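Before a label such as buried, paired or bridged is trusted, it helps to ask what it rests on. Please look at the entry below with that in mind.

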Amino acid sequence: MTEPTPAKGPRLEFATAHFFQSYGFFVRRGVKIAVADGVQEVTDIDVLALRFSLPLNEERVVLDCKDRRKAKPFERILWTRGLADFAKAGRAIIVSPNPPWTAREFAGHGNVEILTSEAVASRIESVGTTNL
């Protein structure tokens, strides 16, 4: 059996959205953050995942998807934590191919999770959807 091929670019965002949907989350891609009632866009959230449980508890996750091997992981960790705080999300996750152990350690100190794009691809293959 061959290893699943991780998605890249916008496909990585679709794959990440599908990954979280497979765990019961509602997802949105490219959620715009704007000021002055939408007059000026500031940034966007690559993937926003929401899940509700009884008695109406909300789990909100902000995901930053980067497919480049040299995506400045420390900068992405700080950015994602700040974006999650701004969006009032309980979890902040970076999806990236094979981040270095130093980035994983740094992320742990900042309460940011790291999910590899390989893990996303593996989950998608296991639930039976590979044509994203």
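The questions and answers that follow take up several such labels in this predicted model.

Q: What makes up the overall architecture of the protein, and in which pattern is it read along the sequence?
A: The protein has four helices and five strands, and along the sequence they follow the pattern α-β-β-β-α-β-α-β-α. The protein has 132 residues, of which 39% count as buried, and its accessible surface comes to about 8200 Å², with 55% of that belonging to carbon and sulfur atoms. Among contacts with a separation of 6 or more, residues 24 or more positions apart account for 50%.

Q: How do you know that the length of helix 1 agrees with the span expected for its residues?
A: The expected span is 1.5 Å times one less than the number of residues, so the 12 residues of helix 1 (residues 10-21) should span 16 Å, and the end C-alpha atoms are 17 Å apart, which agrees.

Q: Which residues of helix 1 are buried, and what covers them?
A: The buried residues of helix 1 are Leu12, Glu13, Ala15, Thr16, Ala17, His18, Phe19 and Phe20. Their cover includes strand 1 (26-35), strand 2 (40-53), strand 3 (57-65), strand 4 (91-96) and strand 5 (113-116), together with helix 4 (117-127).

Q: Why is Glu13 called buried or exposed?
A: Buried means under 20% relative accessible area; Glu13, which is found in helix 1, has 15% relative accessibility and therefore counts as buried. Leaving aside residues up to four places away in sequence, Glu13 touches Arg29, Asp46, Val47 and Cys65.

Q: What makes the pair of Glu13 and Arg29 a salt bridge?
A: A salt bridge requires a side-chain nitrogen of Lys or Arg within 4 Å of a carboxyl oxygen of Asp or Glu, and the closest N and O atoms of Glu13 and Arg29 are 3.1 Å apart, so the pair meets the definition. This pair links distant parts of the chain, with Glu13 in helix 1 and Arg29 in strand 1, 16 residues apart. Arg29, at 31% relative accessibility, counts as partly exposed, because that class lies between the buried limit of 20% and the exposed limit of 50%.

Q: How do you know that Asp46 and Lys66 form a salt bridge, and what does the pair tie together?
A: The closest N and O atoms of Asp46 and Lys66 are 3.7 Å apart, and because the cut-off is 4 Å, the pair qualifies. Asp46 lies in strand 2 and Lys66 in the loop between strand 3 and helix 2, so the pair ties together parts that are 20 residues apart in sequence. Asp46 counts as buried at 8% relative accessibility, and Lys66 is also buried, with a relative accessible area of 15%.

Q: Why are Arg91 and Glu113 called partly exposed, and what joins them?
A: Arg91 has a relative accessible area of 24% and Glu113 one of 35%; partly exposed means between 20% and 50%, so both residues fall in that class. A salt bridge joins Arg91 to Glu113, the closest N and O atoms being 2.9 Å apart. This pair links distant parts of the chain, Arg91 being in strand 4 and Glu113 in strand 5, 22 residues apart. Elsewhere, salt bridges that share partners join Asp46, Asp64, Lys66 and Arg76 into one network, and the structure holds nine salt bridges.

Q: What makes strand 4 a paired strand?
A: Two strands pair if there are at least two bridges between them. Strand 3 and strand 4 have five bridges and run in the parallel sense, while four bridges join strand 4 to strand 5, also in parallel, so both pairings meet the definition. Val61 has Arg91 of strand 4 as its bridge partner, and Ser96 stands opposite Thr116 in strand 5. Strand 4 is mostly covered, with five of its six residues buried.

Q: Why is Leu78 called buried or exposed?
A: Exposed means over 50% relative accessible area, and Leu78, found in helix 2 (residues 73-86), counts as exposed because its relative accessibility is 57%. Together with Phe74 and Phe106, Leu78 makes a nonpolar surface patch of about 280 Å².

How values were computed. Residues are numbered from 1 along each chain as its sequence is written. This is a predicted model: local features need pLDDT of at least 70, side-chain atom pairs count only at pLDDT 80 or more; totals for chains, interfaces and linings use all residues. Side-chain values use heavy atoms; hydrogens and water are left out. Patches are made of residues with over 30% relative accessible area and no salt bridge: like charges are joined within 9 Å, nonpolar side chains (Val, Leu, Ile, Met, Phe, Trp, Tyr) within 5 Å. Accessible areas come from the Shrake-Rupley method with a 1.4 Å probe; for residues, only the protein chains shown count as cover. Helices (H or I, at least four residues) and strands (E, at least two) are DSSP runs, numbered from the N terminus. Buried means under 20% relative accessible area, exposed over 50%, partly exposed in between (1.4 Å probe, protein chains only). Contact means heavy atoms within 4.5 Å.
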